[in-house]
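Open your viewer, switch to a cartoon view and keep the selection box handy. We will go from stop to stop, and at each one you will hear what to select and what to look for.

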Amino acid sequence: MRTLTAALCLGLLVAATAPAQAAEVAVLDWRAALMETDAAERSMNELRTRLADRQQEASALGEELQDMQQRLEGERMTETERRTTLQAFQEKGQRFERLRREIDQARREAEQAFLQQAEPKLDQAVRQVIERHGVAVLVDPNGVLHADQDLQDLTGEVTERLNALY
């Protein structure tokens, strides 16, 4: 009787898990799906245009700082020249860091605004793809430690759906 019960339980377990190995478990990298959309590309291009002046200034300051550092390390200078150059180096370095922080902050804010604006469309696209494929479990690719089989990756299809929604 015990072996029959165990065999039945094992059979039910196998029957219950067999469909999950089909298309019921899939992978979605939602961030990649979203950031590969045409809308994300337009948003990033607008950000680059908006930050172009600050980015150019930061690049120019970076080059100046490298030149000044080489001069400070290699050239023979009077104490007054060295002090003046060092003070200018520190001031430019502070300006460079300030610009870098402003650029990083603007990027974070633009990405956050885009994500908030895109979230409803992402939800809609994901729902459509889940329904189309009959997915019961959707996992992030970074969360999958092991899979005995290749899981269906829906990222590209969600990107296509998102592009259609914009």
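Strand E1 and E2 pair over how many bridges, and in the parallel or the antiparallel sense? Select residues 25-27, which are strand E1, and follow the pairing with E2: the sense is parallel, over 3 bridges. Keep in mind as you look that this is a predicted model.

**The whole chain**

Zoom out for a moment. The secondary structure comes to 5 helices and 3 strands, and along the sequence the pattern reads α-β-α-α-α-β-β-α. Of the 166 residues, 23% count as buried. Among contacts between residues at least 6 apart in sequence, 85% join residues at least 24 apart.

Now colour by confidence. The average pLDDT is 84, and 86% of the residues score at least 70. Select residues 1-22 next: the pLDDT there is below 50, and beyond near neighbours in sequence the stretch has 4 contacts in the model.

**The sheet**

Go back to the strands. They form an open sheet of 3 strands in the order E2-E1-E3, with parallel pairing. Its edges are strand E2 (137-139) and strand E3 (152-153), each of which pairs on one side only. If you would like a reminder of what holds such a sheet together, strands pair through backbone hydrogen bonds, either parallel or antiparallel.

Select Ala26 and look across to E2, where its bridge partner is Leu138. Then pick Val137, also in strand E2. Setting aside residues up to four places away in sequence, Val137 touches Glu24, Val25 and Ala26. Draw a distance between the C-alpha atoms of Val137 and Glu24: the two residues are 113 apart along the chain, yet the separation is 6.0 Å. Is Val137 buried or exposed, or something in between? Val137 counts as partly exposed because its relative accessibility is 40%, and partly exposed covers the range between under 20% for buried and over 50% for exposed.

**Helix H5 and its cover**

Select residues 155-165 to bring up helix H5. Which residues of H5 are buried? Show the side chains of Thr155, Glu157, Val158, Thr159 and Leu162. The elements that cover these buried residues include E1, helix H2 (30-35), H4 and E3.

Stay with Thr159 first. With a relative accessible area of 8%, Thr159 is buried. Leaving aside neighbours within four places in sequence, Thr159 is in contact with Ala32, Ala33, Glu36 and Thr37.

Now move along H5 to Leu162. Leu162 counts as buried because its relative accessibility is 0%. Display what surrounds it: apart from neighbours within four places in sequence, Leu162 is in contact with Ala33, Leu34, Thr37, Lys121, Leu122 and Ala125. One of these, Leu34, is 128 residues away from Leu162 along the chain, and their C-alpha atoms are separated by 7.4 Å.

**Two stops on the long helices**

Select Ile130 in helix H4. Ile130 counts as partly exposed, at 25% relative accessibility. Not counting residues up to four places away in sequence, Ile130 touches Val135 and Leu138. You met Leu138 earlier as the bridge partner of Ala26. The C-alpha atoms of Ile130 and Leu154 are 8.6 Å apart, with their positions 24 residues apart in the numbering.

Next, jump to Glu64 in helix H3. At 33% relative accessibility, Glu64 counts as partly exposed. From its C-alpha atom to that of Lys92, 28 residues apart along the chain, the separation is 8.3 Å.

**The cavity**

For the last stop, look for empty space inside the model. Rolling a probe the size of a water molecule over the atoms shows where empty space is left. The count comes to 1 cavity of 30 Å³ or more, with a volume of about 40 Å³.

Which residues line the cavity? Select Met35, Ala40, Ser43, Met44, Ala110, Glu111 and Phe114. By class, the lining has 5 nonpolar, 1 polar and 1 charged residues. Helix H3 (38-74) and helix H4 (79-133) each supply at least two residues of this lining, which makes these two helices a good pair to leave coloured on your screen.

Key. Residues are numbered from 1 along each chain as its sequence is written. This is a predicted model: local features need pLDDT of at least 70, side-chain atom pairs count only at pLDDT 80 or more; totals for chains, interfaces and linings use all residues. Side-chain values use heavy atoms; hydrogens and water are left out. On a 1 Å grid over the protein atoms alone, a cavity is a set of points where a 1.4 Å probe fits but cannot get out, and a pocket is an open set with protein on both sides within 12 Å along at least five of seven lines; lining residues have an atom within 4 Å of a point. Grid points are joined across faces, edges and corners, and a volume is the space filled by probe spheres set on the points. Helices (H or I, at least four residues) and strands (E, at least two) are DSSP runs, numbered from the N terminus. Ala, Val, Leu, Ile, Met, Phe, Trp, Tyr, Cys and Pro count as nonpolar, Asp, Glu, Lys and Arg as charged, and the others, Gly among them, as polar. pLDDT is the predictor's confidence in each residue, from 0 to 100. Contact means heavy atoms within 4.5 Å. Two strands pair if DSSP finds at least two bridges between them. Buried means under 20% relative accessible area, exposed over 50%, partly exposed in between (1.4 Å probe, protein chains only).
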